[in-house]
Amino acid sequence: MATPVGHSLAGYAIYRVLVPSQDRRPALLLFAAAMATAPDLDFLPGILTGAPATYHQGLSHSLAFGVIAGVSGAVMLRTVASTTTRLDFVLGFLCYTSHLVLDFFGPDTRPPYGIPLFWPFSDSTFLSPVPLLLGVSHAGHTSASTGEWLNAILTPYNVAALGWEILLISPFVLLARRLRA
Ligand SMILES: [Zn+2]
């Protein structure tokens, strides 16, 4: 998995490419970043039950969930922010999908390795044989408590992982800015 910063940067790049300058709004940018990080909300039920990683990289890391999230996000955007664009579903879905792409290219140290991209049609999980990201180092076992989980996250390795992500994704952000300059 990538860090929230890496996922948000990917969301920003998609926002810049997809949304014409006259339609850009802070609410839409926030929407893009939220959709790009949304699959990792699967930590929340685990945090509530005291073992944050229990449900991580499960169903929320599938394309089907991306469609559901894209539709729900677009409806919420229109309701809460009264902001509308013809591309709100596409923007939400692509940002959500960018999360799956980044996680696909990150290492995964806990079984089942990879993400269930094609759930509910297949339970198979997918992971790049060659990781491009360093990935976030977590507690090694799924039943780790919230304290163990936090201790395992706050490490120099994860600072390096964050730096590498910024280095790797920034060219895409710059390209996106140039394309829609
Ligand atoms: Zn994820």
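This briefing covers helix 4 and the zinc site of the structure above. The model is predicted: local features need pLDDT of at least 70 and side-chain atom pairs 80 or more, while totals for chains, interfaces and linings use all residues. Residues are numbered from 1 along each chain as its sequence is written, and side-chain values use heavy atoms, leaving out hydrogens and water.

**Helix 4**
- Helix 4 (helices are DSSP runs of H or I, at least four residues, numbered from the N terminus) holds 18 residues, 63-80; at 1.5 Å a residue, times one less than the number of residues, they should span 26 Å, which agrees with the 25 Å between the end C-alpha atoms.
- Its buried residues (under 20% relative accessible area, 1.4 Å probe, protein chains only) are Gly66, Ala69, Gly70, Gly73, Ala74 and Leu77.
- These lie on the same side of helix 4, because they cover an arc of only 135 degrees around the axis, taken from the directions from the axis to the C-beta atoms.
- They pack against helix 2 (26-37) and helix 5 (88-104), with contact meaning heavy atoms within 4.5 Å.
- Met76 and Thr79, exposed (over 50%), sit on the face turned away from the buried side.
- Ser82, just after helix 4, has a positive phi of about 50 degrees.

**Zinc site**
- Asp40 (OD), His61 (NE2), His99 (NE2) and Asp103 (OD) are the protein donors of the zinc ion, at 2.0 to 2.2 Å; donors are N, O and S atoms within 2.8 Å of the metal (3.2 Å for Na, K and Ca).
- His61 lies in the loop between helix 3 (43-48) and helix 4, and His99 in helix 5, so the pair ties together parts 38 residues apart in sequence.
- Both histidines, His61 and His99, are buried.

Note on methods:
Helix = DSSP H or I, 4+ residues; strand = E, 2+ residues; numbered from the N terminus.
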